[in-house]
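Biologist: I am new to this one and would like to understand how the terms get used. Shall we look at it together?
Modeller: Gladly, here it is.

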Amino acid sequence: MGRKLHRASSSFQLSSKYPITQPAPLLTTLPAKLSHSLPLPLHLVVAFVSTVMNVLAAAVVHLVDGPVRPSWNFLTTLTHAVMKSVIVTHPPQGRHSLDILAVSRMPTLPLPAAGGSIRDDEVLVTQPGALSAIVKSALTIDARQLSAKVDYSGMSLRSFAGEWVRHKSLGAATDSEPVTLFLHGGGHMLMSPKTHRILTANVSRATGGSVFVPDYRMALDGPFPSAIEDALACYLALTGLSLPTDDGTSECRASFSKTSESPENTRVSPSRIFVMGDSSGGCLTAQFAIMLRSLDLPKPAGIVLISPLLDNEFKASSHHTNWDSDFMTFDLDGLKWGLDFYASGLPTSHPAITPMNADLAGLPPMLIQAGDSETLADDSINFHRRSAAAGNRVELQLYTDMFHVFQMIPFIPQTADALGRIGHFVRHAMAVRKSPRNSRVRRLSRRASRITLVNGKCIKE
């Protein structure tokens, strides 16, 4: 869908089919105001120079005074400095941030670097309007509250793209291996399956199965809850399940357009399906699981939340205490402004928007991974506490000194350990579903709530 960009001073306003109803907050720092008042090419030069200077400064500090966190090696420090500089120079309300946002959805990593084979596919959805109504009802959303809506009138079929990722070390797909539905992150507004290929290929290797990554609708592509509708469509396509329309005259179904090309596209039992997501994709994963419970559909074998954004109100103290150690340091006023746009007229406290505020009973087995030094650390800690109190089997693995979604960076030592633990969670969850009467499996599955440090020491059972 086309987007018009109305430029005013150094901030932008969106004027489109899905308008932002609140004016953008002003930029808070003089460098940001100056940089975003320049033409885009000059802004990029300034941002590049700023990044180089920040990286050099971080390198000097690392060598002279030591790293920001004790376990960081020199390469980790440089990586953190680059990512933090890019984030700081592009606040959500910055004039050129939307341009950078668009670019972020374009990169395609070479397959050897990604470590896997990529196959494009497409999800076909019948009765998309009825599916949208079902999702809104399951999430107890009053459609009249939404400031923007997708017009599905006269639309009996819609489609959206996605890709299958399979690590090159695996053989041909079988009907007994796990299948992962991976919902990529990006602050509800940016990134794509292409930007996450290194992570999804490594998830494929760790789990021993194929990964489907949908190019679901972000906030600028479709208003809330469009992303949840797309996640549900993927699940229906994987499982072959259907949902009756409200009037009972037909059914909502979904399928893959290339069903004959691979065993991955045959119907998959929910007992083999895992739903995973990082950052805002972790939020989407939690929203999806809560909605699935409300629809009384079969649960997936498990869900994995990687550095999840679970409190869209941003009330946690870790946003301030971990400001120096994480690169996810967006301007908070701009971030809240962007989340108001994502919420499409609903308060960000609404349980459908913020999973932290939802009823968490009856969710699938859950693994949460986060760094204790990231700004979203408290989201994982608090969600683990609330989910365990609701009676779910959930494990939180907190990685000492680690920042946001470190699992995407293959040369950080903790990444291999984290991916290995995801693989262990998948294998164990499948064993529970396959052999529920096995006494050893029953003993393992009784550990309803656990917090683990990176060194494997269990600090709470």
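Biologist: Which residues lie nearest the centre of the largest cavity?
Modeller: They are His188, Tyr216, Arg217, Ala227 and Tyr342, out of 14 residues that line the largest cavity. Helix 8 (226-239) and helix 9 (280-295) are the elements that give two or more residues to that lining. Please keep in mind that this is a predicted model.

Biologist: What makes this space a cavity and not a pocket?
Modeller: A cavity is a set of points where a 1.4 Å probe fits but cannot get out, whereas a pocket is an open set. The largest cavity holds about 90 Å³ of space, and a search of the whole structure finds four cavities of 30 Å³ or more.

Biologist: How many residues of each class line the largest cavity?
Modeller: Its lining has nine nonpolar, four polar and one charged residues. Tyr counts as nonpolar and Arg as charged, so Tyr216 and Tyr342 belong with the nonpolar residues and Arg217 is the charged one.

Biologist: And which residues lie nearest the centre of the second largest pocket?
Modeller: Asn54, Lys84, Ser85, Val88 and Thr89 do, among 32 lining residues. The second largest pocket has about 560 Å³ of space. Helix 1 (30-36), helix 2 (40-65) and helix 3 (74-88) each supply at least two residues of the lining. By class, the lining has 16 nonpolar, 13 polar and three charged residues.

Biologist: How do you know that helix 2 and helix 3 run in roughly opposite directions?
Modeller: Their axes cross at roughly 150°. Angles run from 0 to 180 degrees between N-to-C directions, so roughly 150° is towards the opposed end. The axes come within 9 Å, and helix 2 passes helix 3 in a right-handed crossing.

Biologist: What makes up the contact between these two helices?
Modeller: Helix 2 brings residues including Ser50, Asn54, Ala58 and Leu63, and helix 3 brings residues including Phe74, Leu78, Ala81 and Ser85. The residues of this contact divide into nine nonpolar, six polar and no charged.

Biologist: Where should I read the model with care?
Modeller: The protein averages a pLDDT of 85, and 85% of the residues score at least 70. Over residues 1-16, though, the pLDDT is below 50, and this stretch has 55 contacts in the model beyond near neighbours in sequence. Residues 439-448 also stay under 50, with 15 contacts beyond four places in sequence. Where pLDDT is low, the predicted coordinates should not be read in detail.

Technical notes: Residues numbered from 1 in each chain as written. Predicted model: local features only at pLDDT ≥ 70, side-chain atom pairs only at ≥ 80, totals over all residues. Heavy atoms only, no water. 1 Å grid on protein atoms, 1.4 Å probe; cavity = no way out; pocket = protein on both sides within 12 Å on 5 of 7 lines; lining within 4 Å. Points joined across faces, edges and corners; volume = space filled by probe spheres on them. Helix = DSSP H or I, 4+ residues; strand = E, 2+ residues; numbered from the N terminus. Left-handed = near helix turned anticlockwise from the far one by under 90°. Contact = heavy atoms within 4.5 Å. pLDDT = per-residue confidence, 0-100.
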